[in-house]
Amino acid sequence: MTAQRSLSYQGHYAGAVSRLLSFVIDLVVSAGAFSLGLAAISYGAQVITGNLVSWNRSSGVVIGIFALWELVYFGCSWGASGRTAGMALFGIRVVRGDGTALEPRRAAIRTIAFPFSFLFCCLGLFGIVLGRENRALHDVIAGTVVIYEWGPRARDGSPNPPALPGPPSTAPEAGA
Amino acid sequence: MTPRDHYRRPANPAEALAQQLAERAVDLVVGALDVNELASRVDVNAIIDRIDVNSVLRKLDLNTLVGQLDLNALVGQLDLNALVSQLDVNELAQRIDVASLVEKADLGAIIAESSGGVVRETVDAVRCQTARLDQVIDHWVDLLLRRKRPASPALLTARGEP
């Protein structure tokens, strides 16, 4: 039952909830990794110098490094596989507008454009909710879309299911 | 008809007498022979040693022999119920080294596989629920904007293609 419903979603544009939840997961994962990195650097410096090294998290340098780390995290993830850890968890993937795999150059453009979507009260993200193809500003700039991609066929490495002739068959009931 | 009847009967009376004498002598000798004693003196092992079994086997066409066997008829003649009833299942079960079997079975892998399946199912269910929520939001947005979402086909991800 779940498998059949899973197949009906494959290849369709991912919506706001999946993308928001995956972004939250990514923030937690990347922030956790960043904290671990800072702790490791502090420990290493303490071992080498013998002095206690601590980080002021509100300093501009640390915030700048964190922002850079976020770009690296998202950029490398999109460039390598088209998905971050959070996106993998929720079964969504970044692909080109025609559905083909994302190449590193386009992933880099998407990563650079990503912060601009958060400017002016996240105005660039409105397209995820309001747009027909659920594209944010950085999707439009990079020519990408985010689709659902998981399920039995995607998991075993075999080709994806054939194109479905319309929206997912499990459309919500009227008035839902 | 005995084998001796195959011999041509001599026409000469002297030859017939000689023939009868010879037959009588043979009967006496055979009657006097102790066959058991004779067999006990035969060195069967020496005879078997002189037989070239490999040569005999090479000449045998085992495929033809086996092909001529009617295995169904053989199996049909077996009384499997009688065979099974003679089996002492309890004794057989006692002989099984369960501890060794458990050691050989990779229980860790079995447990990991089964628990992995449960996790996979759970994650799939969560994905389906979030996708459904996406659809609900899209549906409401379409209603608010009074637009009809075109029936767009699913995009295919051509992995590995440029």
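Start by selecting chain B of this predicted model: you'll find ten helices and zero strands there. Walk along its sequence and the pattern reads α-α-α-α-α-α-α-α-α-α. Colour chain B by burial and 7% of its 162 residues come up as buried.

Next, pick out helix H10 of chain B, residues 107-144. How far apart should the ends of this helix be? With 38 residues at 1.5 Å a residue, the expected span is 56 Å, and the end C-alpha atoms of H10(B) are indeed 56 Å apart, so the two values agree.

Stay on H10(B) and show its buried residues: Arg127(B), Cys128(B), Thr130(B), Ala131(B), Asp134(B), Gln135(B) and Asp138(B). Keep a general point in mind while you look at that list: an α-helix has 3.6 residues a turn, so residues three or four places apart point the same way. Then step past the end of H10(B) to Arg146(B), which has a positive phi, near 50°.

Now over to chain A. Select strand S1, residues 92-96. Is S1(A) mostly covered or mostly open? Mostly covered: five of its five residues are buried. Add strand S2 of chain A, residues 144-148, and you'll see the two strands running antiparallel, joined by five bridges. To get your bearings in the pair, click Arg96(A); its bridge partner in S2(A) is Thr144(A).

With both strands still showing, bring up the largest nonpolar core, a set of 22 residues. The members touching the most others are Ala14(A), Ile92(A), Val146(A), Ile147(A) and Tyr148(A). Which elements each supply at least two residues of this core? In chain A they are helix H3 (60-81), helix H4 (85-89), S1 and S2, and H10 of chain B joins them. S2(A) gives the most, with four residues.

Zoom in on one of those members, Tyr148(A). Leaving aside residues up to four places away in sequence, Tyr148(A) touches Tyr9(A), Gln10(A), Gly11(A), His12(A), Ala14(A), Gly91(A) and Ile92(A), plus Ala131(B) from the other chain. You've met Ala131(B) already, among the buried residues of H10(B).

Apart from the 22-residue core lies another one, of five residues. Select Val17(A), Ile128(A), Ala136(A) and Leu137(A) to see members of it.

Last stop: colour chain A by pLDDT. The chain's mean is 84, and 84% of its residues reach 70 or more. Then select residues 155-176 of chain A, where pLDDT stays under 50. The model has 38 contacts beyond four places in sequence for this stretch.

Technical notes. Residues are numbered from 1 along each chain as its sequence is written. Chains are lettered from A and ligands numbered from 1 in the order in which they are written. This is a predicted model: local features need pLDDT of at least 70, side-chain atom pairs count only at pLDDT 80 or more; totals for chains, interfaces and linings use all residues. The expected span of a helix is 1.5 Å times one less than its number of residues. A residue is buried if 20 or more other C-beta atoms lie within 10 Å of its own, exposed if 12 or fewer, and partly exposed in between; C-beta atoms are placed from the backbone. pLDDT is the predictor's confidence in each residue, from 0 to 100. Two residues are in contact if their C-beta atoms, placed from the backbone, lie within 7 Å. Two strands pair if DSSP finds at least two bridges between them. A nonpolar core is a set of buried Ala, Val, Leu, Ile, Met, Phe, Trp, Tyr and Cys residues joined through C-beta atoms within 7 Å.
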